[in-house]
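Please look over the sequence and the model shown below before reading on. The paragraphs that follow go from a single helix to the whole chain, then to its cores, its loops and its aromatic rings.

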Amino acid sequence: MIARFHSLRCRCGTACSVAAYALTMFCVAWIVLRGAESMGYNWQWYRVPRFILLPDGSPGPLLQGAGITLLVSGLGLVGAAVLALGTALLRLSGSVVGQAMARVYLELIRNTPLLVQIFFIYFVLAPAVDLGRMSSAVLALALFEGAYASEIIRAGILAIPRGQWEGALSLGMKKPSIYMQVILPQALRNVLPPLTSQGVSLIKDSALVSTIAIYDLTMHGQAIIAETFLSFEIWTVVAAIYLVFTVTLSSLARLLEQHSSSPHLEDSCTK
């Protein structure tokens with residue numbers, strides 16, 4: 001039975017995936033429309049375009065907020081990558097102090113909510129070190145996502161066979177060179193899918209920075225709804241923009257994975 005299902009999945013391929021996605025979106029749209037109809041909601045989609053593009057062709061509030069979301073998410077991704085790699089290497093190092101520091105960081109971040117961390121950084125830490133709203137938001141996202149990504153990277157490094165280390169050492173390579181030229185390229189290739197999921201989570205979590213008055217996509221959406229009461233229309237557009245961001249990131253990561261994948265990591269359907 002499992003073999004037959006796998007064979008059917010391989011023959012179906014991308015077409016079935018697209019069809020399933022389209023069917024799911026149709027069901028979601030139908031549920032939303034039925035719910036709005038039962039509430040007596042009056043759709044006013046004709047009022048939405050001016051919040052995306054102004055009459056002169058310049059970006060409207062939603063696109064301006066989308067730009068801030070991309071900026072915060074992009075900087076957060078860079079910071080999270082640096083923190084994740086550094087923390088993973090500390091966990092694997094022989095330094096007791098380094099391991100302890102990494103462990104404290106991981107336990108503090110992974111066992112407290114992101115919203116609380118944003119508030120703590122902005123209201124407690126930022127005044128002491130003179131951080132602005134944007135810097136506080138980027139720092140909070142980087143710390144939060146970096147903690148989870150570090151464990152993904154560490155697992156990827158530990159999955160590399162010991163023979164890779166031994167072979168590099170037999171060639172006289174130093175430990176930093178082994179990491180940079182042998183271990184990390186293989187590990188990062190293997191952990192790219194879960195790291196992509198973490199990046200998608202970061203983009204979605206960036207909506208929480210609106211709580212410290214950063215006018216990102218979510219904050220602009222809230223402001224427009226407070227002014228126009230176009231709840232269904234605006235939140236639908238906001239969700240669609242977030243979906244474009246996350247799908248684009250996932251697609252780019254998939255292309256990178258296909259470009260750099262080794263034969264033994266390819267999907268069995270391609271064999």
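How many residues does H3 have, and what distance does H3 reach from its first C-alpha to its last? H3 has 32 residues and reaches 46 Å between those two atoms, close to the 46 Å expected at 1.5 Å a residue, where the expected span is 1.5 Å times one less than the number of residues in the helix. This is a predicted model, in which local features need pLDDT of at least 70 and side-chain atom pairs count only at pLDDT 80 or more, while totals for chains, interfaces and linings use all residues. Residues are numbered from 1 along each chain as its sequence is written, and side-chain values use heavy atoms, with hydrogens and water left out.

The secondary structure of the protein chain comes to eleven helices and zero strands; here helices (H or I, at least four residues) and strands (E, at least two) are DSSP runs, numbered from the N terminus. Of the 271 residues, 34% count as buried, a term that means under 20% relative accessible area, as against exposed for over 50% and partly exposed in between (1.4 Å probe, protein chains only). The chain exposes about 15,900 Å², of which carbon and sulfur atoms supply 69%; accessible areas come from the Shrake-Rupley method with a 1.4 Å probe, and for residues only the protein chains shown count as cover. Among contacts (heavy atoms within 4.5 Å) between residues at least 6 apart in sequence, 71% join residues at least 24 apart.

Back in H3, which covers residues 61–92, the buried residues are Leu62, Gly65, Ala66, Thr69, Val72, Ser73, Gly76, Ala80, Ala84, Thr87, Ala88 and Arg91. An α-helix has 3.6 residues a turn, so residues three or four places apart point the same way. Leu70, which also lies in H3, is partly exposed, with a relative accessible area of 48%. Leu70 and Ser206 are 136 residues apart in sequence, yet their C-alpha atoms are 9.1 Å apart in space.

Some of the buried residues of H3 meet helix H6 (residues 133–158), where Ser150 lies. Ser150 is itself buried, at a relative accessible area of 1%, and, not counting residues up to four places away in sequence, Ser150 touches Ala84, Thr87, Ala88 and Leu106.

The largest nonpolar core, that is, a set of buried Ala, Val, Leu, Ile, Met, Phe, Trp, Tyr and Cys residues joined through side-chain atoms within 4.5 Å, has 18 residues, and those with the most contacts inside it are Tyr105, Ile109, Val209 and Ile212. Helix H4 (96–110), helix H5 (114–129) and H6 each supply at least two residues of this core, and H6 gives the most, with seven residues. Leaving aside neighbours within four places in sequence, Val209 is in contact with Val72, Ile118, Ala137, Leu141, Ile214 and Asp216. A second, separate core of 16 residues includes Ala66, Ile224, Leu230 and Tyr242.

Two loop residues deserve a look at their backbone angles. Most residues other than glycine have a negative phi, and most peptide bonds are trans. Asp130, in the loop between H5 and H6, has a positive phi of about 60° although it is not a glycine, and Asp130 is exposed, with a relative accessible area of 70%. Phe229, in the loop between helix H10 (217–228) and helix H11 (231–260), likewise has a positive phi, near 65°, and is exposed at 63% relative accessible area.

Beyond that loop, Ala239 is found in helix H11 and counts as partly exposed at 42% relative accessibility. Ala239 and Thr218 are 21 residues apart in sequence and 9.2 Å apart in space, C-alpha to C-alpha.

UniProt, in an unreviewed entry, places the feature "transmembrane region" at residues 12–33, 68–90, 111–129 and 234–256; such annotations may be inferred rather than shown by experiment, and the positions are given in the numbering used here, with feature names shortened. Over residues 111–129 the model is 84% helix and 0% strand, with the end C-alpha atoms 24 Å apart, whereas over residues 234–256 the values are 100% helix and 0% strand, with the end C-alpha atoms 33 Å apart.

Finally, the aromatic rings. Rings of Phe, Tyr and Trp (its six-membered ring) pair if their centres lie within 6.5 Å, and by this rule the count comes to six aromatic pairs. Ring pairs link Trp43, Trp45 and Phe232 into a cluster.

Methods: Phe/Tyr/Trp six-rings, centres within 6.5 Å; stacked < 30°, edge-to-face > 60°.
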